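Some labels for parts of a protein rest on a cut-off. The turns below take a few such labels and ask what stands behind each.

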Amino acid sequence: MEGARMVPRQAATTLDMLRQLERKVLWLSSYMIHHANHEVDRGDGLKVGGHQASSASLVTLMTALYFHILRPEDRVAVKPHASPVFHAIQYLLGNQSLDKLQNFRAFGGVQSYPSRTKDSADVDFSTGSVGLGIAETGFASLVQDYVHAKGWSRDWPRGRMVGIMGDAEIDEGNVHEALLEYWKHGLKNCWWIIDYNRQSLDSVVSDRLFMKMAGLFENLGWKVVLLKYGKLLQRAFGEPGGQRLKQWIDDCPNMLYSALVFQGGEAWRRQLEHDLAIHPDTLDIVRRHDDAALARLMTNLGGHDLQAILEAFENLPTDQPVCFIAYTIKGFGLPFQGHKDNHSGLMTKAQMNELRAREGINQGEEWDRFAGLELPAAEVEQFLADVPFVARGTRRLQAARVPIEPFPKIEVKGQMSTQAGFGRVLDEIARKDGPLAERIVTTSPDVTVSTNLGPWVNRRGLFSMSSHDDVFRERGLLSPQKWEMSPKGQHFELGIAEMNLFLMLSALGLSHSLFGERLLPVGTLYDPFICRGLDALNYACYQDARFIVAGTPSGITLAPEGGAHQSIGTPLIGMAQDGLATFEPAYVDELAAIMEWAFDYMQRDAPEDGEQRWHRDEKGGSVYLRLSTRPLDQLTRPMTRELGEAIIDGGYWLRRPEPGSELAIVYTGAVAPEAIEAAGLLAEDRRGVGVLAVTSADRLSAGWHAAQRAREQGDRGARAHVEGLLAALPRDAAIVTVTDAYPEALSWLGGVCGHRVRALGVEHFGQSGSLPELYGHYGLDVNAILAAAEGISGRPVRYRFLQR
Ligand SMILES: Cc1ncc(C[n+]2csc(CCOP(=O)(O)OP(=O)(O)O)c2C)c(N)n1
Ligand SMILES: [Mg+2]
């Protein structure tokens with residue numbers, strides 16, 4: 001029988017396959033955004049801007065990375081607006097459900113920006129606030145080195161920490177702060193891939209920025225790989241006249257290039273004919289291309305050429321971080337590519353239909369993983385199943401809890417500050433050794449000694465991948481502080497940048513999930529400078545990283561230091577920050593109880609099932625300790641179970657109000673002596689004045705909110721700790737609150753049972769002075785409390801005009 005001879009089809013090459021997937025990713029990510037705008041009624045009329053053009057520039061690179069280059073142990077931060085590309089890739093890999101994809105940006109759908117905590121797919125680092133996700137990758141790499149230097153993480157190989165970033169992110173100061181810090185610590189295993197589309201949100205960025213960037217990275221020890229031209233352009237440059245074409249492109253201002261990209265083949269031709277009129281051999285190259293081919297050639301940048309990308313990722317150094325500057329076009333492959341206003345550009349229905357036709361996708365097949373592909377579905381399916389990145393399945397690791405018991409007891413007597421107590425507790429843990437001591441890692445931005453981490457560092461040493469002796473010690477020069485560095489050390493000494501502190505805590509605090517090894521990070525900084533690192537702190541909490549941070553010294557209690565060093569609003573930050581339980585103890589026995597609890601709390605991980613009932617006690621979180629340098633006479637008392645629990649729940653009656661009492665003084669932290677003394681004086685003419693010690697306004701208030709919610713949902717017996725406490729005070733009694741912070745940290749207590757409240761605190765910048773002077777001036781001293789008591793009760797107090 002005559003007939004066509006069957007020729008077995010050649011198996012597709014990796015490059016063929018990636019080219020297919022690249023198209024698929026562009027389609028799915030574009031359609032996902034389109035769907036979110038046209039099909040999902042989000043009820044707010046808001047259109048999804050920002051993603052479409054920003055995503056498209058990374059389609060090729062991320063296709064190459066996820067489907068070919070990455071390994072399971074590699075960890076990736078994806079720039080915020082590439083979220084649709086990331087989710088489309090996860091969907092193709094079978095890691096993301098269609099339902100969530102269809103609900104991009106809607107309730108219950110995939111997140112606008114990749115999120116470790118809110119997305120179910122395999123997100124390694126959340127992003128959203130530009131500059132933070134990318135900077136976290138380097139710190140994660142240092143943490144990986146730490147874990148391996150200790151001989152841990154044997155089942156999970158060392159991976160590359162990869163950051164895919166927008167070029168505007170380099171403008172964020174924290175990125176530069178991070179680069180300096182990495183250099184000091186000898187960063188190696190880190191790749192940054194800059195999506196150099198020369199566009200940010202508003203417009204086209206200035207020309208030749210890449211030269212500055214390349215110089216910056218090289219200067220700090222990075223290898224820089226330029227991904228400037230694709231293969232088509234590289235070939236054209238090799239033809240007669242080709243170098244002139246290269247010169248033209250190199251000289252072309254970004255604005256003009258972008259405009260031509262948008263306009264397309266005809267505009268390219270007109271411009272090139274004009275500019276290259278006296279170079280006939282170069283014009284020949286132009287003329288050999290029709291309009292479509294010319295547009296393809298002139299937009300064939302390195303970041304859009306799979307082959308060029310695969311080559312660039314081969315044979316990279318392992319002893320040096322690598323920065324890829326990938327030239328791309330914002331919106332590549334979409335109708336608004338290159339347009340300077342495309343950031344919030346959205347495709348119309350008609351444009352979407354054109355794209356559908358171009359990609360060969362029929363109506364109703366939009367979400368089909370294989371529709372429109374030129375290769376057999378089974379072959380693509382097999383390729384996806386064999387993708388190295390997913391070879392080990394889920395990449396969210398776990399680590400066993402580190403036992404806290406027996407938590408060392410410290411002897412507390414005489415005078416001590418909470419900051420000194422903090423140092424003592426850590427010193428005692430270090431001295432006793434054991435699993436807890438082994439897993440604690442400390443870090444501080446140049447305030448290690450002045451925040452009382454010194455004794456811990458003396459015992460456990462500084463961490464460094466190479467060993468350095470303490471020169472002062474070797475020479476017999478007297479110093480209370482050892483400064484020895486080695487891979488055995490357990491303290492990361494950072495430069496002053498507080499952003500880096502929180503990024504480091506964030507990376508250390510995810511070690512169990514990223515590297516399968518539990519670390520118990522403890523960081524310290526001066527309390528006011530929390531604000532300098534606040535976005536990174538928020539970011540760390542959003543990622544659910546686990547750590548303890550001590551803000552110390554704090555408040556105007558730091559009297560002679562003046563207003564620039566005195567924190568006022570930090571307790572409110574602590575209360576409002578999700579994922580962070582804030583405490584401000586007055587006494588060291590309270591602090592010790594809180595620290596013991598904190599080392600356990602930071603390891604809890606019950607799954608989030610909607611609303612947490614009480615605080616987030618089952619789920620766990622991080623802990624912020626606001627500590628003071630003011631030495632207080634310590635209370636000698638047994639730490640009963642009941643007292644311990646009340647301290648953790650947020651407060652206890654230091655002196656219970658008597659029945660019929662008309663007043664209670666509520667205090668937090670270092671002003672305890674003033675509260676106690678004032679209560680004593682008031683007792684002369686008022687019956688049974690109560691003194692309520694608040695160790696955590698944050699947890700008291702969280703518990704109160706939770707109880708109210710529970711009652712509203714039918715759990716009528718729910719009662720918050722603070723409700724129990726304040727029930728002991730008659731309803732018509734008044735409350736005077738006092739704290740070395742903004743008064744509203746405690747004034748809300750009046751809302752719990754309806755007590756009248758006069759809230760004392762600090763409302764204006766502090767200044768230098770002695771502690772009595774400042775407490776007097778800002779209204780935190782005994783006199784101020786007495787005056788407040790008189791004012792709120794309307795009845796004179798005997799010691800109102802006490803002279804001190
Ligand atoms: C800290 C912070 N500031 C501002 C924004 C708002 N924002 C989101 S993306 C963006 C510009 C992004 O430009 P680029 O990084 O170059 O990414 P591209 O859009 O070019 O992909 C801005 C200003 C943000 N997300 N985070
Ligand atoms: Mg950009």
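**Labels and their reasons**

In this predicted model, Val471, Phe472 and Leu477 make a nonpolar surface patch of about 290 Å². Phenylalanine 472 belongs to helix α21, residues 471-474.

Q: Why is serine 661 called buried?
A: The word buried applies under 20% relative accessible area. Serine 661 has a relative accessible area of 1%, so serine 661 is buried. Its place is the loop between β16 (651-655) and β17 (663-668).

Q: What makes the pair of serine 661 and leucine 663 a polar contact?
A: A polar contact needs N or O atoms within 3.5 Å. A polar atom of the serine 661 side chain is 3.1 Å from the backbone oxygen of leucine 663, and 3.1 Å is within that limit, so the pair counts.

Q: Is glycine 750 buried or exposed, and how do you know?
A: Glycine 750 has a relative accessible area of 10%; the limit for buried is under 20%, so glycine 750 is buried. Glycine 750 is in helix α32, residues 750-753. Its C-alpha atom is separated by 7.5 Å from that of isoleucine 735, 15 residues apart along the chain.

Q: Why is asparagine 315 called exposed?
A: Exposed means over 50% relative accessible area. The value for asparagine 315 is 76%, therefore asparagine 315 is exposed. Asparagine 315 is in the loop between α15 (306-312) and β5 (322-327), and its phi is near 50°, a positive value in a residue other than glycine.

Q: Serine 153 also has a positive phi, of about 55°; is serine 153 buried or exposed?
A: Serine 153 has a relative accessible area of 5%, under the 20% limit, so serine 153 is buried. The loop between α6 (132-149) and β2 (161-166) holds serine 153.

Q: How do you know that aspartate 167 makes a polar contact with ligand 1?
A: A polar side-chain atom of aspartate 167 lies 2.5 Å from an oxygen atom of ligand 1. The limit is 3.5 Å, so this pair is a polar contact. A polar backbone atom of alanine 168 is 3.0 Å from an oxygen atom of ligand 1, and a backbone N or O atom of valine 130 is 3.1 Å from a nitrogen atom of the ligand. The protein buries 75% of the 590 Å² that ligand 1 exposes when taken alone.

Q: Which classes of residue make up the shell around ligand 1?
A: The shell has three nonpolar, nine polar and six charged residues.

Technical notes:
Residues are numbered from 1 along each chain as its sequence is written. Chains are lettered from A and ligands numbered from 1 in the order in which they are written. This is a predicted model: local features need pLDDT of at least 70, side-chain atom pairs count only at pLDDT 80 or more; totals for chains, interfaces and linings use all residues. Side-chain values use heavy atoms; hydrogens and water are left out. A polar contact is a pair of N or O atoms within 3.5 Å; within protein, one must be able to donate a hydrogen and the other to accept it, and residues adjacent in sequence count only if both atoms are side-chain atoms. Accessible areas come from the Shrake-Rupley method with a 1.4 Å probe; for residues, only the protein chains shown count as cover. Ala, Val, Leu, Ile, Met, Phe, Trp, Tyr, Cys and Pro count as nonpolar, Asp, Glu, Lys and Arg as charged, and the others, Gly among them, as polar. Patches are made of residues with over 30% relative accessible area and no salt bridge: like charges are joined within 9 Å, nonpolar side chains (Val, Leu, Ile, Met, Phe, Trp, Tyr) within 5 Å. A salt bridge is a side-chain nitrogen of Lys or Arg within 4 Å of a carboxyl oxygen of Asp or Glu. Helices (H or I, at least four residues) and strands (E, at least two) are DSSP runs, numbered from the N terminus. Buried means under 20% relative accessible area, exposed over 50%, partly exposed in between (1.4 Å probe, protein chains only).
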